[in-house]
Each structure stands twice: as C-alpha cells, then as structure tokens.
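These are my notebook entries on a single chain. I record below what I looked up, entry by entry.

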Amino acid sequence: TAIVVLDASKTMGDKIGGATKISTVRAALGEAVTAYGNRLSFGLVAFGHRKASNCADSEIVAKPGALTAETYEKLFEKIKTKGQAPIAAALSDAAKAATAKDRLDIVLIADGADTCDADICSAALAMKEKSPALRIHVIGFGGKEEEIKPLTCLAGATGGTFISASDAEAL
C-alpha cells in the first residue's frame, strides 16, 4: 500500500518552468500510478485544497486501491490550491489506512513545512511507534532548501527516503 499525501496549499499554485507546481505533480503522479498501479495499491490524501485558512483541511480523497490509472484524472480534478499546509493532520489521515502489522508507505509531496505549527517530527515518531511497518518518504518539490529542510525528519524518523526535486524533470 502506498498513500500519496499531496500538498495543495496556496504555494503549490506558484509556477516552476511555465507550469504550476500542482499541475506538474499531477502529471508525474499520473505517470507513476499508470506505471506502478498493477504492483501497488495507491491511495490519496490531499491537504490545503478546500479552505483558505483551516488547519484541519485534510481529506482522504482515495482509499488504498482507489487511485488507479483509470481514476486519477477525475480524482485530481477536485484538488485546487487554496489554503494552508496542515501536514501533520494529513499524515495522520494517511496513517489511518494502516494496521499495526501492515506495511504502509506514505509518500508526501510538499513544497514546504507544516504551516499550522504542528511538530511534524514528533507526529511521525508517534505514528511509527503505533505502526512499526510505516515509512514516510518525502519529495520536497520546488521549495527553497530552507523551506523543505524541516521535512527531512519525517523520512529519518520512519526509515523512509527524502528527495529534493527543483523542477519537473527532477520530479
């Protein structure tokens, strides 16, 4: 199972190389779901996409297995860049898909840190303790190094990987 946690906060509407960050991420995710969909059960959690200012703006858009090559375009249509970045809340929603013994990989794609004053590192440690097979992988996309650096602890705390992607090609 792989749950994609997608940053749809206002800053994901900024452009990189002529396209918005969110449209670049959507295209890359569409390719990944199409390429790996028969080997992985994909789910999707989005945050910052419904309200301009709400630290609870996280939504399970697709449960594991519901994000497929056939469904991804329709699911992504609903996601518009709008608000804050409640990363801790979104990771918590994604972790709910796991049981204590099931392996779960969460892939966070974000351009910066949690904007709701949550301690994402402590949250990740608590999630890992509850679900030892959980790993959080982070793709810091299009943010300045100092903006995405706070996300590195998520991967470190859970045995995941951290990748910085500055443009569509790197993504």
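**Entry 1. Strand β7 and its neighbours.** I began with the pairing of β7 and strand β8 (residues 162-165), which run parallel and are joined by four bridges. The model is a predicted one, and I read every entry with that in mind. Within this pairing, I found Gly140 opposite Ser164 of β8. I then turned to the other partner: strand β6 (residues 104-110) pairs with β7 in the parallel sense, over seven bridges. Here Val107 has His137 in β7 as its bridge partner. Between the two strands the chain passes through helix α4 (residues 120-130), and I noted this β-α-β crossover from β6 to β7 as right-handed. Is β7 (residues 134-141) mostly covered or mostly open? I found it mostly covered, with seven of its eight residues buried.

**Entry 2. Strand β4.** I next looked up β4, where six of six residues are buried. As background, side chains in a regular strand alternate between the two faces of the sheet. I therefore checked the faces of β4 separately, using the rule that under 20% relative accessible area counts as buried. One side carries Phe42, Leu44 and Ala46, the other Gly43, Val45 and Phe47, and all of these are buried. For the pairing of β4, I recorded six bridges to β1, with the two strands running parallel. In that pair, Ala2 stands opposite Phe42 of β4. β4 also pairs with β5, this time in the antiparallel sense and over five bridges. Phe42 appears here again, opposite Leu67 in β5.

**Entry 3. Lys63.** I followed β5 to Lys63, which lies in that strand. Its relative accessibility is 62%, so Lys63 counts as exposed, the cut-off being over 50%. I also took a distance: the C-alpha atoms of Lys63 and Gly83 are separated by 23 Å, the two residues being 20 apart along the chain.

**Entry 4. Disulfides.** How many disulfides does a search of the whole structure find? I recorded two. Counting bonded cysteines along the chain, I wrote their pattern as 1-2, 3-4. The pair Cys55 and Cys116 has its sulfur atoms 2.2 Å apart. The link of Cys55 and Cys116 is left-handed, with -90° about the S-S bond. This pair joins distant parts of the chain, 61 residues apart: Cys55 sits in the loop between β4 (42-47) and β5 (58-67), and Cys116 in the loop between β6 and α4. I compared the accessibility of the two ends: Cys55 is partly exposed at 38% relative accessible area, whereas Cys116 is buried at 18%.

For the pair Cys121 and Cys153, I noted sulfur atoms 1.8 Å apart. The torsion about the S-S bond of Cys121 and Cys153 is about -90°, so I entered this disulfide as left-handed. Cys121 lies in helix α4 and Cys153 in helix α6 (residues 152-158), so the pair ties together parts that are 32 residues apart in sequence. Cys121 is partly exposed, with a relative accessible area of 26%.

**Entry 5. Asp117.** I checked backbone angles in the loop between β6 and α4, where Asp117 is placed. The phi of Asp117 is near 60°, which is a positive value in a residue other than glycine. Is Asp117 buried or exposed? At 78% relative accessible area, I classed Asp117 as exposed.

**Entry 6. Helix α3.** I looked up the burial of helix α3 (residues 87-95). Seven of its nine residues are buried, so the helix is largely enclosed by the rest of the structure. I listed the buried residues of α3 as Ile87, Ala88, Ala90, Leu91, Asp93, Ala94 and Ala95.

**Entry 7. The largest pocket.** I recorded a volume of about 310 Å³ for the largest pocket. Of its 14 lining residues, those closest to the centre are Leu29, Ala32, Val107, Ile109 and Ile139. Which elements each supply at least two residues of this lining? I noted β1 (2-7), α1 (21-36) and β6. The greatest contribution comes from α1, which gives six residues. I then sorted the lining by class: 13 residues are nonpolar, none is polar and one is charged.

How values were computed: Residues are numbered from 1 along each chain as its sequence is written. This is a predicted model: local features need pLDDT of at least 70, side-chain atom pairs count only at pLDDT 80 or more; totals for chains, interfaces and linings use all residues. Side-chain values use heavy atoms; hydrogens and water are left out. Buried means under 20% relative accessible area, exposed over 50%, partly exposed in between (1.4 Å probe, protein chains only). Two strands pair if DSSP finds at least two bridges between them. A crossover is right-handed if, with the strands pointing away from the viewer, the path from the first strand over the helix to the second runs clockwise. A disulfide is a pair of cysteine sulfur atoms within 2.5 Å. On a 1 Å grid over the protein atoms alone, a cavity is a set of points where a 1.4 Å probe fits but cannot get out, and a pocket is an open set with protein on both sides within 12 Å along at least five of seven lines; lining residues have an atom within 4 Å of a point. Grid points are joined across faces, edges and corners, and a volume is the space filled by probe spheres set on the points. Ala, Val, Leu, Ile, Met, Phe, Trp, Tyr, Cys and Pro count as nonpolar, Asp, Glu, Lys and Arg as charged, and the others, Gly among them, as polar.
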